[in-house]
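Work through the exercises below with the sequence and the coordinates open. Try each task before reading its solution.

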Amino acid sequence: MVIIMLGAPGTGKGTVGKLLSDELGIPHVSSGEIFRSYVKKQGEIGKQIEGYMSQGKLVPDELAIQILEKRLKEDDVKCGVILDGYPRNIKQAEKLDELLLKQDKKVEIAVNLSLSDQDIIDRIVKRRTCPNPECREIYNIEFKPPKIEGICDKCGTKLIQREDDNEETVRKRLETYHQISENLIDFYKSKDILYTVKINIHSENTSRDVATEIERYLRK
Ligand code: ADP
Ligand code: ZN
């Protein structure tokens with residue numbers, strides 16, 4: 001099963017994607033995470049990627065497609081994948097369809113998480129991330145704080161604030177989203193595989209509820 005997580009940055013795609021991954025037993029693949037791991041290695045490609053990310057811009061399609069293509073050929077995603085952050089535009093979506101077709105697969109559902117820009121900004125600047133690549137748990141200092149301040153509940157690693165999780169970059173990322181990625185909603189709607197969930201950040205346990213709702217829908 002191939003599931004795509006759509007929605008602006010900060011809608012909880014990552015958290016919901018990971019919950020679904022645990023429940024359904026298929027890997028969660030986040031393009032942002034993959035790019036951040038390249039940046040960390042500080043090789044030639046990593047430095048290039050860092051330039052785009054720090055400005056809230058998209059990594060060029062050729063590079064994004066190439067890196068995702070490589071990832072989707074790995075063994076663990078043979079039976080399915082939850083894609084988070086990819087595709088980011090129509091070109092990437094078409095490329096993905098081509099790629100999947102070659103493997104006799106297709107996108108089954110595109111989940112669209114919807115939330116207002118102001119709520120998104122509120123949420124992202126309060127976001128804290130576990131940098132441990134085996135864990136990657138996401139917290140929010142207001143809505144989902146860790147039990148011990150600054151420390152990951154799951155693995156004990158010191159939490160970080162992502163470099164691009166500041167208000168200025170978030171506004172740019174939102175602009176990029178509205179200009180480019182929002183088109184994907186119509187793309188998948190026209191294929192009749194769009195499933196939209198309205199997010200309410202003021203209720204507790206949001207991401208868990210959203211994941212449960214999606215699962216229920218998938219089992220129907
Ligand atoms: P968020 O959804 O919170 O913006 P991500 O971790 O998905 O964060 O992405 C972080 C950054 O990585 C983006 O701002 C962009 O620069 C880059 N990126 C992620 N996925 C893609 C993609 N499919 N194509 C191009 N750039 C991407
Ligand atoms: Zn952790």
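**Exercise 1. The metal site**

Task: Which atoms coordinate the zinc ion (ligand 2), and what is the geometry of the site?

Solution.
- Step 1. Collect the donors. The zinc ion (ligand 2) is held by the SG atoms of C130, C135, C152 and C155, at 2.3 Å. The model is a predicted one.
- Step 2. Check the angles. Among the 4 donor atoms they run from 100 to 116 degrees. Four donors count as tetrahedral if all angles lie between 85 and 135 degrees. The site of the zinc ion (ligand 2) is therefore tetrahedral.
- Step 3. Read the spacing along the chain. The donor residues follow the pattern C-x4-C-x16-C-x2-C.
- Step 4. Place C130 and C155. This pair links distant parts of the chain, 25 residues apart. C130 sits in the loop between strand 5 (127-129) and strand 6 (138-140). C155 sits in the loop between strand 6 and helix 7 (167-181).

**Exercise 2. Accessibility of two donors**

Task: Are C130 and C155 buried, partly exposed or exposed?

Solution.
- Step 1. Take the cut-offs: buried is under 20% relative accessible area, exposed is over 50%.
- Step 2. C130 has 3% relative accessibility, so C130 is buried.
- Step 3. C155 has a relative accessible area of 32%, so C155 is partly exposed.

**Exercise 3. The sheet**

Task: What is the strand order of the open sheet of 5 strands, and which strands stand at its edges?

Solution.
- Step 1. Write down the order: 2-3-1-4-7, with parallel pairing.
- Step 2. Find the edges. Strand 2 (28-30) and strand 7 (194-198) each have a single partner strand, so one side of each lacks a neighbour in the sheet.
- Step 3. Add the turn. On average, neighbouring strands are turned by 20 degrees against each other, direction ignored.
- Step 4. Inspect one pairing. Strand 4 (residues 107-114) and strand 7 run parallel over 5 bridges. S114 has K198 of strand 7 as its bridge partner.

**Exercise 4. Helices on the sheet**

Task: Which strands does helix 1 lie across, and where is S21?

Solution.
- Step 1. Helix 1 (residues 13-24) lies across strand 1 (2-7), strand 2, strand 3 (81-84) and strand 4. Helix 1 runs at about 160 degrees to strand 1.
- Step 2. For helix 2 (residues 31-41), the strands crossed are strand 2 and strand 3, with an angle of about 60 degrees to strand 2.
- Step 3. S21 lies in helix 1. Its relative accessible area is 12%, so S21 is buried.
- Step 4. Leaving out residues up to four places away in sequence, S21 touches I26, P27, H28 and I82.

Note on methods. Residues are numbered from 1 along each chain as its sequence is written. Chains are lettered from A and ligands numbered from 1 in the order in which they are written. This is a predicted model: local features need pLDDT of at least 70, side-chain atom pairs count only at pLDDT 80 or more; totals for chains, interfaces and linings use all residues. Side-chain values use heavy atoms; hydrogens and water are left out. Donors are N, O and S atoms within 2.8 Å of the metal (3.2 Å for Na, K and Ca); water is not among the atoms, so sites may look incomplete. Four donors count as tetrahedral if all angles lie between 85 and 135 degrees; four count as square planar and six as octahedral if opposite donors are over 155 degrees apart and all others between 65 and 115; anything else is irregular. Helices (H or I, at least four residues) and strands (E, at least two) are DSSP runs, numbered from the N terminus. Buried means under 20% relative accessible area, exposed over 50%, partly exposed in between (1.4 Å probe, protein chains only). Two strands pair if DSSP finds at least two bridges between them. Axes are lines fitted to C-alpha atoms, for helices over the stretch in contact, and angles run from 0 to 180 degrees between N-to-C directions. Contact means heavy atoms within 4.5 Å.
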